[in-house]
Amino acid sequence: MGHDDFRKGYDFSGRTIVMTGGTGVLGSEMAVALARAGANMVILARDPSRAGELKGRLEEKPGSGTLVHADVLVKESLAKAAKEIQGRFGRVNALINAAGGNVPGATTNPSQRFFDLPEDALKQVVDLNLLGTIIPCQVFAQIMAEQGEGNIITIASMAGFRPLTRTIAYSAAKAGVSNFTQWLAVHFSKVGIRVNALAPGFFLTEQNRTLLTQPDGSLTPRGNTIL
């Protein structure tokens, strides 16, 4: 479904949607589609100045788009962002947790054995994917609870259900995201907050391009295995 088709099928006029990880490949496309469907789209970013192209796309009518500084692992920065968003739009209708990713140091390969994976790399991936989902929920779900309604969507991964070889920390963290989503859905079931997860398959990004494709664009052995 293209952005124009999405706009025709859904109307989010007047709805304020906050997204973490909105500058990524998947998150940015979701954000633009929602903005074009009329939503007040707010992207939380550690460095909003680096997302100039996305900001321009978000500002296309009929919706609106803005980038606000926040770090998903720093609760104080999220609380400050939440206050700014409430001051501008009055309420928060939805939170989409799309922040996540992997780093080479937390991935096994022929030259990097499981036994030798550095603790800081493992922690970086687990923190970003799992805590980077939990902490924003703490901040924005409190607003929703006070409103008496809201929606939370977490971006899980098929790797959380069927672990990929090599990506130990990422797969484990995404499994945790799926588990947390189920826990949160039950926790908020009585206060009008709906919680769900999306578990996408593979998207070719700058993060995984060298793992999945050769310089000429053909698939690597890992890319063929995944398909």
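Begin by selecting Leu73, Val74 and Leu131, which make a nonpolar surface patch of about 210 Å². The model on screen is a predicted one.

Next, keep Leu73 alone in the selection. Leu73 lies in the loop that links β3 (64-69) to α4 (75-89). Its relative accessible area is 37%, and because exposed requires over 50% and buried under 20%, Leu73 counts as partly exposed.

From this loop, step back to β3, residues 64-69. Of the six residues of β3, five are buried, so the strand is largely enclosed by the rest of the structure. Add strand β2, residues 40-45, to the selection: β2 and β3 run parallel and are joined by six bridges. To inspect one of these pairings, display Asn40 together with Ser64, its bridge partner in β3.

Return to the loop and proceed to α4, residues 75-89. The 15 residues of this helix should span 21 Å at 1.5 Å a residue, and the C-alpha atoms at its ends are indeed 21 Å apart, so the two values agree.

Which residues of α4 are buried? Select Ser77, Leu78, Ala81, Ala82 and Ile85, which are the buried residues in question. These residues cover an arc of only 140° around the axis, and therefore lie on the same side of α4.

Finally, rotate the view to the face of α4 turned away from its buried side, and select Glu76, Lys80, Lys83 and Gly87, the exposed residues that this face carries.

Notes. Residues are numbered from 1 along each chain as its sequence is written. This is a predicted model: local features need pLDDT of at least 70, side-chain atom pairs count only at pLDDT 80 or more; totals for chains, interfaces and linings use all residues. Side-chain values use heavy atoms; hydrogens and water are left out. Patches are made of residues with over 30% relative accessible area and no salt bridge: like charges are joined within 9 Å, nonpolar side chains (Val, Leu, Ile, Met, Phe, Trp, Tyr) within 5 Å. Accessible areas come from the Shrake-Rupley method with a 1.4 Å probe; for residues, only the protein chains shown count as cover. A salt bridge is a side-chain nitrogen of Lys or Arg within 4 Å of a carboxyl oxygen of Asp or Glu. Helices (H or I, at least four residues) and strands (E, at least two) are DSSP runs, numbered from the N terminus. Buried means under 20% relative accessible area, exposed over 50%, partly exposed in between (1.4 Å probe, protein chains only). Two strands pair if DSSP finds at least two bridges between them. The expected span of a helix is 1.5 Å times one less than its number of residues. The arc is that of the directions from the helix axis to the C-beta atoms.
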